[in-house]
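Hello,

Here is the structure for you to take over. My notes on what turned up follow directly below it.

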Amino acid sequence: MVGYIYDEIFLLHDTDGHIENKNRVLAIDDVLKDFDLLRLPIYKASKSDLYKIHNRDYVDWVERAYENGYRMILNEDTLLSPKSYEVARYATGSTLSILKAFKEKRINRAFLNIRPPGHHADRKTGQGFCIFNNIALMTRYAQELGYKKVMIIDFDVHHGNGTQDIFYEDDSVFYFSTHERDNYPYFSGKEDEIGEGRGRGYNLNRPYGNFCDDETLLKLYDDLPKWFDFDILLVSAGYDLMKDEIISTAQITFDGLRELVRKILRFSKNRPTAFLLEGGYDLNSLAKSAYITLDELINYEV
Ligand SMILES: [Zn+2]
């Protein structure tokens, strides 16, 4: 059985005409109805949970913005609506629900159809459509539950600068990212960003050039750190690398995505593995991509 998180609460982060909107999770939930999934309850992260990954000033600022109603976060692409603070706490907190089900051995693989996305949110601020960093809090929750070493793979077409930032000096978390070079957020994601202090050697960026094809992308995954003996694998699943998306020039096909998911599952060696939704904005492409991912999570044996 594969665990699944989705709830109508995720529709209430109201971004109006923005490309990151509620229709994304609706489209995915609709197409996944074909599958028999273990639907797990949502959970709201507490403020002290959020402090594990974000500075207090930032969390408190978002809370105040919530109390004041509609407001923008620092930069122009990330919106806060009156319910966004609540929704973001549920998106990031619900990762705990999956981890508990892993721990109880009810599931060994999972998909989280959540929004807002998270991987651009760093310690100091939300950005790039992200408010709180979902995969980062999932990592800390996992460690509290005994999954000491956490492997993160991020295949979103954009660099997960927030996740990299949060774990940059941490040798208990390995962050591996493939992404389009010279795309958002521009200032990070280079090969020479390898971590610092104790975290040196635990951060690996593999950027690709424009019009990346399946073969080029898949080859980068040969560089996954086979020596890192992790307890759990978390995946920032951003589907904006697909051919039909216009937010990048990447040309990944559905066959390419299927092979990518298989490659990740082989790398997991059957350790608990969760895919968290990040980007992906073309609704047809996004729904089909999620369908392929679930098809593999349910059926692919390693
Ligand atoms: Zn993205």
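The buried residues of helix H6 are Asn-134, Ile-135, Ala-136, Leu-137, Met-138, Thr-139, Tyr-141 and Ala-142. That makes eight buried out of eleven, so H6 is largely enclosed by the rest of the structure. Keep in mind that this is a predicted model. Just after H6, Gly-146 has a positive phi of about 105°.

**The core**

The largest nonpolar core has 88 residues. Those with the most contacts inside it are Ile-98, Leu-112, Val-150, Ile-152, Leu-234, Val-235 and Leu-276. Helix H6, residues 134-144, gives the most to this core, with six residues.

Leu-234 is a good place to start looking. Leaving aside neighbours within four places in sequence, Leu-234 is in contact with Ile-135, Met-138 and Thr-139. Its other contacts on that basis are Val-150, Ile-152, Ala-274 and Leu-276.

**H5 against H6**

Helix H5 covers residues 95-103. The axes of H5 and H6 come within 9 Å and cross at roughly 35°. The crossing of H5 past H6 is right-handed. On the H5 side, the contact is made by Thr-95, Leu-96 and Leu-99. On the H6 side, the residues are Asn-134, Leu-137, Met-138, Tyr-141 and Ala-142. By class, this contact has six nonpolar and two polar residues, and no charged ones.

**H9 against H10**

These two helices also pack together. The angle between H9 and H10 is about 35°, and their axes are 10 Å apart. H9 passes H10 in a right-handed crossing. H9 supplies Phe-254, Leu-257, Arg-258, Val-261, Arg-262 and Leu-265 to the contact. H10 supplies Lys-288, Ser-289, Ile-292, Thr-293 and Glu-296. The residues of this contact divide into five nonpolar, two polar and four charged.

**H10 itself**

What span should the 17 residues of H10 have, at 1.5 Å a residue? Helix H10 (residues 283-299) should span 24 Å, and its end C-alpha atoms are 24 Å apart, which agrees.

Buried in H10 are Ser-285, Leu-286, Ala-287, Ser-289, Ala-290, Thr-293, Leu-294, Glu-296 and Leu-297. What do the buried residues of H10 pack against? On the strand side, they pack against S1 (2-5), S5 (109-112), S9 (232-237) and S10 (273-277). On the helix side, they pack against H1 (23-31) and H9 (254-268).

**Backbone points to check**

Most residues other than glycine have a negative phi, and most peptide bonds are trans. Please look at the following four places with that in mind.

- The peptide bond from Arg-115 to Pro-116 is cis, with omega near -5°. Pro-116 sits in the loop between S5 and H6.
- Tyr-184 and Pro-185 are joined by a cis peptide bond, with omega about 5°. Pro-185 is in the loop between strand S7 (173-180) and strand S8 (203-208).
- Tyr-186 has a positive phi, near 70°. Tyr-186 lies in the loop between S7 and S8. Tyr-186 is exposed, with 11 other C-beta atoms within 10 Å.
- Lys-269 has a positive phi, near 45°. Lys-269 is in the loop between H9 and S10. With 11 C-beta neighbours inside 10 Å, Lys-269 counts as exposed.

**The loop between S1 and H1**

I looked at two residues here. Asp-14 lies in the loop between S1 and H1. Is Asp-14 buried, exposed or partly exposed? Asp-14 is partly exposed, because 16 other C-beta atoms lie within 10 Å. Leaving aside neighbours within four places in sequence, Asp-14 is in contact with Ser-81 and Lys-83. Asp-14 and Ser-248 are 234 residues apart along the chain, and their C-alpha atoms are separated by 24 Å.

Asn-21 lies in the loop between S1 and H1 too. Asn-21 is partly exposed, with 19 other C-beta atoms within 10 Å. A residue needs 20 or more to be buried, so Asn-21 does not qualify. Asn-21 and Leu-220 are 199 residues apart in sequence and 31 Å apart in space, C-alpha to C-alpha.

Over to you.

Conventions
Residues numbered from 1 in each chain as written. Predicted model: local features only at pLDDT ≥ 70, side-chain atom pairs only at ≥ 80, totals over all residues. Core = buried A, V, L, I, M, F, W, Y, C linked by C-beta atoms within 7 Å. Buried ≥ 20, exposed ≤ 12 C-beta atoms within 10 Å, placed from the backbone. Helix = DSSP H or I, 4+ residues; strand = E, 2+ residues; numbered from the N terminus. Contact = placed C-beta atoms within 7 Å. Axes fitted to C-alpha atoms, helices over the stretch in contact; angles between N-to-C directions. Left-handed = near helix turned anticlockwise from the far one by under 90°. Nonpolar A, V, L, I, M, F, W, Y, C, P; charged D, E, K, R; others polar. Expected span 1.5 Å × (residues − 1).
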